[in-house]
Amino acid sequence: MSTPQPEPPFAATRKALAEALAQIDGLLPGSVVVRLMRCGKSNCACKADSPTLHGPYTQWTRTVRGKTVTKILTDEQRARYQPWFDNNRRLKDLIAKLETVSLQAIQTADELATQRSTPVRKTPKPQT
C-alpha cells in the first residue's frame, strides 16, 4: 500500500475559489454612477447661483479599445444589468483572493522543500 500524498498547500481554498468563479455567468465591466448635471444653455436654471441641476442620470462608463465609452441607462436597464455589474466586482475580488492564496501556497511549498532538502547537521563537539 502506498502512503497518501499530502494535499498541496491551500488546495481546498483554491478549489473553493475556483468553484465560486464557475458560478459567475455574465459580467459587465466599467463603472456605474448617478449624476446631476448642468446643460449648455446660458439662461437655464442649472446655471443660477442656487442651481437646479438636471437629472439624476445613471451613467455606465467603460473602456473600449482604449477609448472611454459612456452610456446613459434607464432605471429599468440599471436594474436589469445590476447583477452583471455586481458579478464583475465579485470576479475581481475572487481573482485577488486566488492570487493571494496561490502566492502563499508557493511560499509554503518552497519552505517545505527547503526544509526537506536541507540535511540536519549536528554541531561537532569542541575538542578539549
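These are questions and replies on how features of this predicted model get their labels.

Me: What do the local features need here, and what is left out of the side-chain values?
Reply: This is a predicted model, so local features need pLDDT of at least 70, side-chain atom pairs count only at pLDDT 80 or more, and totals for chains, interfaces and linings use all residues. Residues are numbered from 1 along each chain as its sequence is written, and side-chain values use heavy atoms, with hydrogens and water left out.

Me: How many disulfides does a search of the whole structure find?
Reply: Zero. C39 is in no disulfide; its nearest cysteine sulfur, that of C46, is 3.6 Å away. A disulfide is a pair of cysteine sulfur atoms within 2.5 Å.

Me: Why is C44 not bonded to C39?
Reply: The closest cysteine sulfur to that of C44 is in C39, at 3.6 Å. The cut-off is 2.5 Å, so the pair is too far apart for a bond.

Me: Why is C44 called buried, but C39 partly exposed?
Reply: Buried means under 20% relative accessible area, exposed over 50%, and partly exposed in between (1.4 Å probe, protein chains only). C44 has 19%, so C44 is buried. C39 has 26%, so C39 counts as partly exposed.

Me: What makes T68 exposed, and N88 buried?
Reply: T68 has a relative accessible area of 60%. That is over 50%, so T68 is exposed. N88 is at 8%. That is under 20%, so N88 is buried.

Me: Where do T68 and N88 sit, and what do they touch?
Reply: T68 lies in strand 3 (residues 67-73). N88 is in helix 2. Helices (H or I, at least four residues) and strands (E, at least two) are DSSP runs, numbered from the N terminus. Contact means heavy atoms within 4.5 Å. Leaving aside neighbours within four places in sequence, T68 is in contact with T61, R62 and T63. On the same terms, N88 is in contact with L27, L28, P29 and G30.

Me: How do you know that the span of helix 1 is close to the expected one?
Reply: The expected span is 1.5 Å times one less than the number of residues. Helix 1 (residues 11-22) has twelve residues. From first C-alpha to last, helix 1 reaches 16 Å, close to the 16 Å expected.

Me: Which residues of helix 1 are buried, and what is included in their cover?
Reply: The buried residues are A11, L17 and A20. Their cover includes helix 2 (75-117).
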